[in-house]
Amino acid sequence: MTATRQEQHARTHQNLLDATVHCLVEFGYAGTTTQRVQERAGVSRGALLHHFGSKQELFVAAIHHVAEGRLARLREEGPADSLRGLVTALRASMSGPLYLAGLELWMGARTDPALHASLVPAERELGRELRTAFAQVSPLSEGVSEKDNRIAFDSLLMLLRGLALTGVLREDDAGADAIVDRWLSEHS
């Protein structure tokens with residue numbers, strides 16, 4: 001392959017993954033078909049099959065694409081220098097198309113064992129990075145048991161995920177902001 005072909009291959013691969021994210025957001029997990037992804041990406045059926053031999057392969061690749069994109073978005077915020085900074089960065093990473101596509105994949109994994117098996121390692125890797133970032137800025141890290149620190153971290157993620165989910169129905173974030181402020185005041 002020439003460099004141009006390699007670049008074209010990588011670009012098509014990326015376009016297919018981006019199209020998958022768009023379809024997951026627009027049509028949901030159940031409504032995302034390979035035909036829709038192919039049309040959204042503007043590629044032939046053969047091109048899609050060349051990159052991903054099945055819908056399952058496409059969704060597995062999408063899981064990693066979403067996780068990498070969320071980590072990249074979190075890293076773009078820069079290293080958090082405070083717990084509030086980390087919480088702000090996490091809230092930002094739990095919004096937008098990548099997060100919504102990730103939620104769709106989570107829901108699909110509920111009933112699809114193969115998707116579930118692929119999702120768990122990607123989410124664990126993301127969780128490890130988030131725990132490391134949390135440990136660096138959490139005032140709880142010193143003088144608190146590992147179990148209590150883990151509970152604080154898990155409660156934060158559950159809180160932020162819940163706020164992200166209910167954000168679909170919320171008209172303003174004042175209530176969500178107050179909830180996050182309460183969590184911060186109790187854990188700072």
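Author: Let us begin with a term: a residue counts as buried when its relative accessible area is under 20%, as exposed when the value is over 50%, and as partly exposed in between. The model discussed here is predicted.

Reader: How should I apply this, and how does aspartate 181 count?

Author: One compares the value of the residue with the two cut-offs. Aspartate 181 counts as partly exposed because its relative accessibility is 36%. For the chain as a whole, 38% of the 188 residues count as buried.

Reader: Before we go further, what does the secondary structure of the chain come to?

Author: The chain has nine helices and zero strands. Read from the N terminus, the order of its elements is α-α-α-α-α-α-α-α-α. The C-alpha trace spans about 60 × 40 × 30 Å along its principal axes.

Reader: How do I read contacts along such a chain, and what share comes from residues 24 or more positions apart?

Author: One asks how far apart in sequence the two partners stand. Among the contacts in the chain with a separation of 6 or more, 65% are between residues 24 or more positions apart.

Reader: Could we take one residue as an example? Where is threonine 12 placed, and why does threonine 12 count as buried or exposed?

Author: Threonine 12 has its place in helix 1. Threonine 12 is buried because its relative accessible area is 17%, and the cut-off for buried is under 20%. Setting aside neighbours within four places in sequence, threonine 12 is in contact with Val43 and His51.

Reader: My next topic is charge. How many salt bridges does the structure hold?

Author: The general idea is that side chains of opposite charge can pair when their charged atoms come close. This structure holds six salt bridges. One of them joins the side chains of arginine 40 and glutamate 26, at 2.3 Å from N to O. This pair links distant parts of the chain: arginine 40 belongs to helix 2 (residues 34–41) and glutamate 26 to helix 1 (residues 3–31), 14 residues apart.

Reader: Are the two partners buried, partly exposed or exposed?

Author: Arginine 40 is partly exposed, with a relative accessible area of 39%, and glutamate 26 is partly exposed at 47%.

Reader: Which residue does arginine 84 meet in a salt bridge?

Author: The side chain of arginine 84 meets that of aspartate 181, at 3.0 Å from N to O. The two link distant parts of the chain, with arginine 84 in helix 5 (residues 83–93), aspartate 181 in helix 9 (residues 174–187), and their positions 97 residues apart. Arginine 84 counts as partly exposed because its relative accessibility is 45%.

Reader: Where do aspartate 154 and arginine 150 lie?

Author: Both lie in helix 8 (residues 146–166), four residues apart, which is about one turn of the helix. Their side chains meet in a salt bridge of 3.2 Å, N to O. Aspartate 154 is partly exposed, with a relative accessible area of 25%, and arginine 150 is partly exposed at 40%.

Reader: Now I turn to the interior. How many residues has the largest nonpolar core?

Author: In soluble globular proteins, nonpolar side chains tend to be buried together. Here the largest nonpolar core has 25 residues, and those with the most contacts inside it are Val87, Phe134 and Leu160. At least two residues of this core come from each of helix 4 (55–76), helix 5, helix 6 (96–111), helix 7 (113–137), helix 8 and helix 9. Helix 8 gives the largest share, seven residues. Apart from this core lies another, of 14 residues, including Val21, Ile63, Ala109 and Ala122.

Reader: Which residues does leucine 160 touch?

Author: Not counting residues up to four places away in sequence, leucine 160 touches Val87, Leu90, Arg91, Met94 and Val180.

Reader: Finally, how do I read a cavity, and what volume has the largest cavity?

Author: One considers its volume, then the residues that line it. The largest cavity has a volume of about 70 Å³. Among its lining residues are Ile63, Arg70, Tyr99, Trp106 and Glu123.

Reader: Which helix gives the most to this lining?

Author: Helix 6 gives the most, with six residues, while helix 4, helix 6 and helix 7 each supply at least two. By type, the lining divides into eight nonpolar residues, one polar and two charged.

Conventions:
Residues numbered from 1 in each chain as written. Predicted model: local features only at pLDDT ≥ 70, side-chain atom pairs only at ≥ 80, totals over all residues. Heavy atoms only, no water. Salt bridge = Lys/Arg side-chain N within 4 Å of Asp/Glu carboxyl O. Buried < 20%, exposed > 50% of the residue type's maximum accessible area, 1.4 Å probe, protein only. Contact = heavy atoms within 4.5 Å. Core = buried A, V, L, I, M, F, W, Y, C linked by side-chain atoms within 4.5 Å. 1 Å grid on protein atoms, 1.4 Å probe; cavity = no way out; pocket = protein on both sides within 12 Å on 5 of 7 lines; lining within 4 Å. Points joined across faces, edges and corners; volume = space filled by probe spheres on them. Nonpolar A, V, L, I, M, F, W, Y, C, P; charged D, E, K, R; others polar.
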